[in-house]
Amino acid sequence: MASYDVIVIGSGPGGYVAAIRAAQLGLKTACVEGRETLGGTCLNVGCIPSKALLHATHQLHEAEHNFAKMGLKGKAPTVDWKQMLQYKTETIETNTKGIEYLFKKNKIDWLKGWGSIPEAGKVKVGDETHEAKNIIVATGSDVAQLKGVEIDEKTIVSSTGALELAKIPKKMIVIGAGVIGLEMGSVYARLGAEVTVLEYLDTITPTMDAEVQKQFQKILSKQGMKFVLGAAVQGAEVKNGKAKVTYTLKKDDSEETLEADTVLVATGRKPVTEGLGLKELGVEITDRGFVKTDGHWKTAVDGIYAIGDATEGPMLAHKAEDEGMAAAEVIAGKAGHVNYGVIPSVIYTHPEVAAVGKTEQDLKDEGRAYKTGKFSFMGNGRAKANFAADGFVKILADKETDRILGAHIIGPMAGDLIHEICVAMEFGAAAEDVAMTCHAHPTYSEAVREAALACGDGPIHM
């Protein structure tokens with residue numbers, strides 16, 4: 001029986017970061033993982049492979065639509081789907097092997113297999129039981145099932161199956177207009193599929209800023225994606241390799257059907273907490289399956305912590321990473337901290353969409369007086385030169401103090417640009433602080449400065 005200061009169950013972004021941070025702080029650490037490779041959902045069947053396909057298909061889009069405008073003449077490239085999938089696989093391997101290297105570098109033991117906690121202070125992996133002064137549950141999340149729709153990962157697929165389709169479908173139905181649905185729908189739309197998105201709510205990306213929602217849907221529609229909002233999916237059936245989806249329109253209760261070669265179910269994810277033995281130990285689990293923790297990621301059982309998708313909050317890899325570092329620091333006797341008010345979210349379509357902090361609706365609901373600074377990428381020289389002028393930057397600031405309360409960006413490199421605002425918010429900056437900071441020209445980041453200027457006397461280039 002091996003003995004450790006910390007055993008982390010799960011090697012996704014939360015788990016592997018927790019393990020590395022614990023080891024850096026001098027704690028003898030092990031990480032339990034049942035996959036053949038480290039990295040969890042994110043690196044194996046989530047964030048990383050999807051971004052590889054998004055990158056590849058964006059290059060195809062540029063070649064088909066913008067190369068000739070720049071004087072790059074010639075036939076548009078053809079798609080070798082097998083090679084594109086191989087590129088995706090190689091991207092996964094590079095990243096997962098990188099985590100394996102980091103484990104070796106930091107002397108972290110990889111306990112291969114699926115873990116459970118038979119009693120406090122012990123973790124069972126296969127037939128072996130290991131002792132641990134502290135246990136971090138970082139088991140992540142899995143695809144949420146939709147009633148009446150059975151996923152076979154061939155014709156009706158989850159995000160996992162969508163990353164390895166045998167061929168590019170002619171018609172695809174995406175159920176759910178959230179991040180996963182729009183990213184993967186965008187991939188296949190660029191590859192020539194006729195993509196229809198069915199969404200139960202009356203807007204896409206429900207947690208996003210209302211102006212962003214409208215602009216985003218308009219842009220994706222121009223790219224060829226079709227949207228049916230207010231659609232309650234009743235079921236789906238597969239016959240002769242084709243799928244038929246039945247849905248009801250909420251506005252008039254009429255029943256409609258759609259047929260497609262592939263159906264992607266992208267209606268959310270659920271925490272993976274069953275089979276660990278947590279309830280039996282006295283760890284509190286919510287009705288939705290999340291592990292309950294206090295403000296220091298501790299569960300109701302001494303020595304057991306939980307982070308990431310296994311706990312409540314946004315299911316984001318970087319949120320899990322922050323919690324992983326913080327939990328390890330708490331265990332090591334330090335003051336681990338996560339600022340949940342400054343966790344950005346990004347959708348990696350083209351254009352990208354990014355947000356941090358409050359939306360206008362949040363501030364209205366709170367009754368807080370605020371002001372808005374907005375700047376369109378049409379006024380940004382770099383964006384116009386690069387055929388990337390769709391979208392805008394919006395900054396929300398307190399009406400009296402000018403302190404930045406939130407920001408919403410739809411446009412080129414939005415996922416990178418948002419971090420200027422994240423840093424500003426972390427330091428309690430005012431919009432004027434961003435407006436008075438010199439930004440290199442020509443860059444997309446100038447649009448952020450202009451939006452900050454718009455919170456005051458007004459932008460320069462609009």
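This report walks through a predicted model of a single protein chain, from its overall build down to a few individual residues.

## Overall build

Let's start with the big picture. The chain has 14 helices and 22 strands. Its radius of gyration is 23 Å, close to the 23 Å that the globule rule gives for 462 residues, so the chain is as compact as a globular protein of that length. If you lay the C-alpha trace along its principal axes, it spans about 65 × 65 × 50 Å.

What share of the chain is buried? Of the 462 residues, 52% are. Take the contacts with a sequence separation of 6 or more, and 62% of them are between residues 24 or more positions apart.

## Surface and charge

On the outside, the chain exposes about 22000 Å², and 49% of that comes from carbon and sulfur atoms. As for charges, there are 51 positive and 61 negative ones, and the mean positions of the two sets are 4 Å apart.

## Helix α1

Near the start of the numbering sits α1, a helix of twelve residues covering 13-24. From its first C-alpha to its last it reaches 16 Å, close to the 16 Å expected at 1.5 Å a residue. Ten of the twelve residues are buried, so this helix is mostly covered, where buried means under 20% relative accessible area. The buried set is P13, G14, G15, Y16, V17, A18, A19, I20, A22 and A23.

What covers those residues? Strands β1 (3-9), β2 (29-33) and β6 (128-137) are among the elements that do, and so are helices α2 (40-45), α4 (81-105) and α9 (317-331). After α1 comes G26, which has a positive phi near 90°.

## A long-range neighbour: G333

G333 sits in the loop between α9 and β18 (345-347). Its relative accessible area is 66%, and it counts as exposed because the cut-off is over 50%. The C-alpha atoms of G333 and L25 are separated by 9.8 Å, with the two positions 308 residues apart along the chain. α9, at one end of the G333 loop, is also one of the elements covering the buried residues of α1.

## S158, a buried loop residue

Is S158 buried or exposed? At 2% relative accessibility it is buried, even though it is found in a loop, the one between β8 (156-157) and α5 (159-162). Setting aside neighbours within four places in sequence, S158 is in contact with V143, I151, E153, L264 and V265.

## Helix α14 and its surroundings

Over at residues 446-454, helix α14 is another mostly covered one, with seven of its nine residues buried. These are E446, A447, V448, E450, A451, A452 and A454. Note that two glutamates, E446 and E450, are on that list. The cover includes strands β20 (370-376), β21 (392-398) and β22 (404-411), along with helices α12 (414-426) and α13 (431-435).

One of those covering helices, α12, holds H419. This histidine is partly exposed, at 37% relative accessibility. H419 and A355 are 64 residues apart in sequence, but their C-alpha atoms are 9.5 Å apart in space.

## Unusual backbone spots

Most residues other than glycine have a negative phi, and most peptide bonds are trans. A few places in this model go the other way. Where are the cis peptide bonds? One joins H350 and P351, with omega about 0°, and another joins H441 and P442, also with omega about 0°. P351 is in the loop between β18 and β19 (352-357), while P442 is in the loop between α13 and α14.

Then there are the positive phi values. N240 is not a glycine, yet its phi is about 55°. It lies in the loop between β12 (231-239) and β13 (242-249), and its relative accessible area of 76% makes it exposed. F387 also has a positive phi, near 55°. Its loop runs between α11 (381-385) and β21, and at 34% relative accessibility F387 is partly exposed.

Key: Residues numbered from 1 in each chain as written. Predicted model: local features only at pLDDT ≥ 70, side-chain atom pairs only at ≥ 80, totals over all residues. Heavy atoms only, no water. Helix = DSSP H or I, 4+ residues; strand = E, 2+ residues; numbered from the N terminus. Rg over C-alpha atoms; globule rule 2.2 N^0.38 Å. Buried < 20%, exposed > 50% of the residue type's maximum accessible area, 1.4 Å probe, protein only. Contact = heavy atoms within 4.5 Å. Areas by Shrake-Rupley, 256 points an atom, 1.4 Å probe, with all protein chains shown as cover. Lys, Arg positive; Asp, Glu negative; His and termini not counted. Charge placed at Lys NZ, Arg CZ, Asp CG, Glu CD. Expected span 1.5 Å × (residues − 1).
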